[in-house]
Each structure stands twice: as structure tokens, then as C-alpha cells.
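Here are some friendly notes to read alongside the model. Take the points in order, and keep the 3D view open as you go.

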Amino acid sequence: MKKYFLAVTYDVCEHNELFEHMNEYPLESSVDMENQVRNFAKLDVAPLVQVYKSETSDFQELKLHKEFKFKEYECGCNEETPNDES
Ligand SMILES: [Zn+2]
């Protein structure tokens with residue numbers, strides 16, 4: 001049976017207790033999933049990408065399939081204070 005996968009990118013900052021949902025990207029199949037996920041993470045500069053699976057194409061019942069973390073995209077705000085958003 002065909003499975004459908006949906007990658008969700010998150011912006012995460014532990015210092016500000018930020019856990020922000022960014023974008024959703026449907027995946028064609030589980031083949032080369034890690035490569036696809038890596039591209040989405042790069043696109044959104046997302047330190048966390050969760051992949052959900054569904055047995056229907058409308059993604060009504062999602063189950064967490066796998067979680068990917070990208071250390072290179074983690075926030076770098078542990079040294080500076082974010083106070084220059086004018
Ligand atoms: Zn941070």
C-alpha cells in the first residue's frame with residue numbers, strides 16, 4: 001500500500017522557548033527521504049524537520065515517522081541578545 005510522507009520544518013530556539021512551525025512539504029516517497037529533508041532544512045534554515053506519514057493523500061491521519069535534526073541550522077543567539085529588530 002502506498003504511503004504518503006509530509007515533511008514539516010520547525011524553527012527552534014531553546015533560549016526563547018521558540019518552537020515555530022514553518023512549512024510543510026509533501027515527499028514523493030521514502031526513497032532518498034534524508035536528501036529531500038536535508039534540502040528543505042537548508043531552504044528554511046530549519047534545525048528540526050519532522051516527517052509524518054499518512055496512508056491517504058489528503059494527510060488526514062498523520063503519524064510521526066521520523067525526526068531529523070540539523071545542528072548547522074541551530075540558532076546562534078546564545079551569545080547575543082536579540083534586541084535590534086527595529
Ligand atoms: Zn536561541
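Which residue stands opposite Asp11 in E2? Find the two strands on screen, then check yourself against point 2.

1. First, a word on what you are looking at: this is a predicted model. The protein chain holds 1 helix and 4 strands. Walking from the N terminus, you meet them in the order β-β-α-β-β.

2. Now the opening question. The residue opposite Asp11 is Glu20 in E2. Strand E1 covers residues 4-13, and 8 bridges join it to E2 in an antiparallel arrangement. The hairpin of E1 and E2 has 4 residues between the strands, and Glu17 there takes a positive phi near 50°.

3. Next, the other pair of strands. E3 (residues 48-54) and E4 run antiparallel and are joined by 6 bridges. For an example you can click on, the bridge partner of Gln50 in E4 is Glu67.

4. Put the strands together and you get an open sheet of 4 strands, ordered E2-E1-E3-E4 with antiparallel pairing. E2 and E4 (63-69) are the edge strands, each pairing on one side only. On average, neighbouring strands of this sheet are turned by 25° against each other, direction ignored. As background, strands of a sheet pair through backbone hydrogen bonds, either parallel or antiparallel.

5. The helix comes next. H1 (residues 33-44) packs on the sheet, where it touches E1, E2, E3 and E4, and its direction makes about 40° with that of E1. Its length is a nice check to follow: at 1.5 Å a residue, the 12 residues of H1 should span 16 Å, and the end C-alpha atoms are 17 Å apart, which agrees. After H1 comes Val45, with a positive phi near 50°.

6. Which residues of H1 are buried? They are Gln36, Val37, Phe40 and Ala41. These four lie on the same side of H1, because they cover an arc of only 140° around the axis. An α-helix has 3.6 residues a turn, so residues three or four places apart point the same way. The buried residues of H1 pack against E1, E2, E3 and E4, while Glu34, Asn35 and Lys42 are exposed on the other side of the helix.

7. Look for the largest nonpolar core, which has 9 residues: Phe5, Ala7, Leu27, Val37, Phe40, Ala41, Ala46, Val49 and Val51. E1, H1 and E3 each supply at least two residues of this core, and H1 gives the largest share, 3 residues. Val49 is a good one to select: leaving aside residues up to four places away in sequence, Val49 touches Ala7, Val8, Thr9, Val37, Phe40, Ala41 and Phe68.

8. How much of the chain is covered? Of the 86 residues, 14% count as buried. Strand E2 (residues 18-27) is hardly covered, with 1 buried residue among its 10.

9. Finally, see how the chain brings distant parts together. Of the contacts between residues at least 6 apart in sequence, 52% join residues at least 24 apart. For a pair to look at, Lys71 and Pro47 are 24 residues apart in sequence, with their C-alpha atoms 6.2 Å apart in space. Lys71 sits in the segment after E4. Why does Lys71 count as exposed? Lys71 has 6 other C-beta atoms within 10 Å, and a residue is exposed if that number is 12 or fewer.

Conventions. Residues are numbered from 1 along each chain as its sequence is written. This is a predicted model: local features need pLDDT of at least 70, side-chain atom pairs count only at pLDDT 80 or more; totals for chains, interfaces and linings use all residues. A residue is buried if 20 or more other C-beta atoms lie within 10 Å of its own, exposed if 12 or fewer, and partly exposed in between; C-beta atoms are placed from the backbone. Two strands pair if DSSP finds at least two bridges between them. Axes are lines fitted to C-alpha atoms, for helices over the stretch in contact, and angles run from 0 to 180 degrees between N-to-C directions. Two residues are in contact if their C-beta atoms, placed from the backbone, lie within 7 Å. The expected span of a helix is 1.5 Å times one less than its number of residues. The arc is that of the directions from the helix axis to the C-beta atoms. A nonpolar core is a set of buried Ala, Val, Leu, Ile, Met, Phe, Trp, Tyr and Cys residues joined through C-beta atoms within 7 Å.
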